[in-house]
Amino acid sequence: MLTFMASDSEEEVCDERTSLMSAESPTPRSCQEGRPGLEDGESAAQWRSQDGEEDHEEDPDHYVCSGVPGRPAGLEEELTLKYGAKHVIMLFVPVTLCMIVVVATIKSVRFYTEKNGQLIYTPFTEDTPSVGQRLLNSVLNTLIMISVIVVMTIFLVLLYKYRCYKFIHGWLIMSSLMLLFLFTYIYLGEVLKTYNVAMDYPTLLLMVWNFGAVGMVCIHWKGPLVLQQAYLIMISALMALVFIKYLPEWSAWVILGAISVYDLVAVLCPKGPLRMLVETAQERNEPIFPALIYSSAMVWTVGMAKLDPSSQGALQLPYDPEMEDSCDSFGEPSYPEVFEPPLPGYPGEELEEEEERGVKLGLGDFIFYSVLVGKAAATGSGDWNTTLACFVAILIGLCLTLLLLAVFKKALPALPISITFGLIFYFSTDNLVRPFMDTLASHQLYI
Amino acid sequence: MTAAVFFGCAFIAFGPALALYIFTIATEPLRVIFLIIGAFFWLVSLLLSSLVWFIAGTITGDKDGPTQKYLLIFGVLVSVFIQEMFRFAYYKLLKKANEGLKNINADETAPSMRLLAYVSGLGFGIMSGVFSFVNTLSDSLGPGTVGIHGDSPQFFLNSAFMTLVIIMLHMFWGIVFFDGCEKKKWYALLVVLLTHLLVSALTFINPHYGINLVSAYIIMVLMGIWAFFAAGGSCRSLKLCLLCQDKDFLLFNQRSR
């Protein structure tokens with residue numbers, strides 16, 4: 001479930017800029033290998049386009065507000081649009097990078113396309129002779145998976161509501177530990193196997209340890225923004241690869257469709273769990289789950305003497321450690337967490353800073369986009385056209401969603417439009433375009 | 001079918017487009033978005049043409065035989081029509097979007113129609129080139145001998161050059177097309193459609209690569225010259241540009257405003 005969050009309207013001057021929706025993505029538990037369970041999380045992608053704020057126009061108390069009081073509405077809109085294209089590109093780049101990593105791995109490492117068992121969330125097998133039975137099994141698998149996601153989301157919302165921050169914190173740390181160490185180790189092992197590179201255990205241990213430790217620090221505590229972004233992209237890619245490997249064919253497509261519908265419902269319905277999470281966070285004036293959000297925040301400071309490095313650091317660090325971890329189940333499609341880069345507590349700084357907040361997109365969005373493109377690359381006869389078509393379709397869906405976000409200025413799900421386009425283009429390209437292009441290419445005809 | 005063939009053909013086909021992208025489009029986010037939307041429009045047009053071809057194929061029902069070849073030719077011609085139709089549709093969309101952008105955002109950062117013509121043409125071209133060539137490219141990495149059954153051994157090279165010319169042609173067609181739409185010169189649209197049909201039809205005579213490639217390149221040069229003048233270039237500006245006297249050119253432009 002992805003939600004896009006736009007900046008609050010002008011009248012909510014003192015509110016949280018955007019609410020984040022926590023989405024839970026299912027954490028795959030592989031029953032065969034007895035891996036520790038990953039937590040489910042919903043991906044909530046919140047995208048917040050924030051207007052730049054002119055400090056001198058702002059009341060210091062309102063620095064956290066999204067709207068700029070006193071600024072004419074037209075100027076606000078203009079700023080939104082001026083920053084809109086840049087924000088779209090700031091999301092295109094990481095999404096593209098994640099997809100490239102996933103597709104490159106799928107096309108080269110055969111481990112992720114081999115069928116090696118299924119998750120316990122998809123217990124029904126698809127090795128049945130009849131089409132009807134296979135379809136039924138995939139629908140049942142989807143129902144189980146989605147209900148697991150729903151339950152985990154509600155559990156998370158309840159935990160958040162009753163302020164069990166320590167529990168959420170521990171949960172998130174556990175899941176990112178597993179992702180950063182175990183899955184990385186397996187991935188590295190498979191890549192080395194594919195390229196027939198020998199590596200001794202001490203070197204491997206050193207590499208994995210460094211990678212994982214730095215990742216934990218960057219994601220849960222402080223770190224350079226670029227490094228944090230890179231780690232988030234990598235864990236999304238790893239998660240997507242796990243899904244691609246362990247979800248059976250038809251179930252994967254049905255799950256993708258169902259999760260878009262769920263995302264839509266969870267974010268837009270008044271009683272949806274994600275919406276409730278966002279509203280709770282807004283009431284408490286807290287940032288929601290900073291950790292599982294990809295943030296491309298930037299800060300400008302406008303020629304003022306007082307340049308507070310800590311407030312700049314605040315942009316980069318995942319907010320309060322306890323707040324972050326609450327949503328940091330890596331499985332969770334990012335909680336679109338929009339936090340004010342200046343921490344409340346530095347009221348003086350904002351006056352001097354012109355900030356441009358970046359956009360935030362939930363990690364779950366990354367994961368499911370990559371699952372779609374990766375599945376398109378994995379299935380089929382080594383056809384690149386299908387992969388490229390899905391890629392373009394997803395980007396266009398993301399563009400449209402961001403446009404809607406700029407128009408509606410409230411939390412929107414990021415999955416439905418992109419996944420719908422992706423699915424349409426996958427099936428139509430695979431069945432219609434591929435034979436056409438193959439025939440053309442074999443006769444060397446050009447259209 | 002070595003790595004040399006792969007890299008060589010890849011850079012022949014996509015080098016200029018990549019250079020154009022890096023130097024002119026990658027710097028501006030709005031241009032990137034319009035490029036991707038252009039690529040998407042071409043993709044949808046391809047989808048429609050495949051659908052038409054598929055339906056025609058199922059109607060005639062003859063799996064093998066000469067009707068397949070005629071069906072393919074029919075498919076190609078229909079595809080060209082649909083592509084040009086979508087180019088027109090993209091023009092309409094851009095016109096509306098431009099007006100919308102101008103109403104809201106009154107400053108000069110909204111891109112001009114000429115720039116959008118170039119970007120959309122390049123988007124169409126890149127998508128078209130990639131879809132035509134990427135599967136062939138990935139096959140070239142694998143084992144095999146080209147032309148072992150008597151086909152031409154220049155298969156990859158020809159495909160690469162053809163892809164390059166198609167990408168460039170789409171870019172020029174985009175510029176000429178939009179210019180024709182803006183100035184209501186409908187003959188420009190007709191010429192674009194006819195040259196597109198001509199270039200595609202010439203590929204029917206493959207593998208006689210000589211005539212096919214040479215005429216495609218001649219058409220590309222002609223369209224390039226037309227596009228240059230349609231985009232506002234002139235002999236004088238070209239001379240100034242080549243002699244690195246751009247400042248004069250800028251001043252000249254300002255004076256003429």
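In the predicted model, 37 residues of chain A are in contact with 44 residues of chain B. The two chains bury about 3700 Å² between them, and carbon and sulfur atoms account for 76% of that area. On the side of chain A, A:Gln444, A:Tyr446 and A:Ile447 supply 25% of the area buried against chain B, more than any other three residues. Three elements of chain A give two or more residues each to the side that touches chain B, namely helix H1 (73-108), helix H12 (384-408) and helix H13 (415-442). The largest share comes from H13(A), with 13 residues. By class, the side of chain A that touches chain B consists of 24 nonpolar, seven polar and six charged residues.

The interface was also examined for specific polar interactions. Zero salt bridges are found across the interface of chain A and chain B. Seven residue pairs, both members at pLDDT 80 or more, are in polar contact across the interface of the two chains.

Chain A was next considered as a whole. Its secondary structure comprises 13 helices and four strands. Of the 447 residues in chain A, 60% are buried. Among contacts in chain A with a separation of 6 or more, 80% are between residues 24 or more positions apart. The area that chain A exposes comes to about 16000 Å², with 68% of it supplied by carbon and sulfur atoms.

Within chain A, A:Glu126 occupies the loop between H1 and helix H2 (131-161). A:Glu126 counts as buried because its relative accessibility is 7%, under the 20% limit. The side chain of A:Glu126 forms a polar contact of 3.2 Å with the side chain of A:Arg134. A polar atom of the A:Glu126 side chain also lies 3.1 Å from the backbone nitrogen of A:Trp250. Both partners recur among the contacts of A:Glu126 beyond four places in sequence, which are A:Gln118, A:Arg134, A:Ser138, A:Pro248, A:Glu249, A:Trp250 and A:Ser251.

Two sites in chain B were examined in the same manner. B:His170 lies in helix H5 (residues 155-182) of chain B. With a relative accessibility of 0%, B:His170 is classed as buried. The side chain of B:His170 is joined to that of B:Arg87 by a polar contact of 3.0 Å. When neighbours within four places in sequence are set aside, the residues in contact with B:His170 are B:Trp42, B:Gln83, B:Arg87, B:Gly121, B:Phe124, B:Gly125, B:Ser128 and B:His196. The C-alpha atom of B:His170 is separated by 22 Å from that of B:Lys96, a residue 74 positions away along the chain.

The second site, B:Ser49, is located in helix H2 (residues 29-60) of chain B. B:Ser49 is buried, since its relative accessible area is 1%, under the 20% limit. The side chain of B:Ser49 reaches the backbone oxygen of B:Ser45 at a distance of 2.6 Å. Not counting residues up to four places away in sequence, B:Ser49 touches B:Ser79 and B:Ile82.

Backbone geometry was then inspected at two loop positions. Most residues other than glycine have a negative phi. In chain A, A:Asn196 has a positive phi of about 55° although it is not a glycine. A:Asn196 is placed in the loop between helix H3 (165-194) and helix H4 (201-220) of chain A. A:Asn196 counts as exposed because its relative accessible area is 71%, over the 50% limit. In chain B, B:Lys184 is likewise not a glycine and has a positive phi, of about 60°. B:Lys184 is found in the loop between H5 and helix H6 (186-202) of chain B. Its relative accessibility of 56% places B:Lys184 in the exposed class.

Notes:
Residues are numbered from 1 along each chain as its sequence is written. Chains are lettered from A and ligands numbered from 1 in the order in which they are written. This is a predicted model: local features need pLDDT of at least 70, side-chain atom pairs count only at pLDDT 80 or more; totals for chains, interfaces and linings use all residues. Side-chain values use heavy atoms; hydrogens and water are left out. Contact means heavy atoms within 4.5 Å. Buried area is the accessible area (1.4 Å probe) that two parts lose on being put together, summed over both. A salt bridge is a side-chain nitrogen of Lys or Arg within 4 Å of a carboxyl oxygen of Asp or Glu. A polar contact is a pair of N or O atoms within 3.5 Å; within protein, one must be able to donate a hydrogen and the other to accept it, and residues adjacent in sequence count only if both atoms are side-chain atoms. Ala, Val, Leu, Ile, Met, Phe, Trp, Tyr, Cys and Pro count as nonpolar, Asp, Glu, Lys and Arg as charged, and the others, Gly among them, as polar. Buried means under 20% relative accessible area, exposed over 50%, partly exposed in between (1.4 Å probe, protein chains only). Accessible areas come from the Shrake-Rupley method with a 1.4 Å probe; for residues, only the protein chains shown count as cover.
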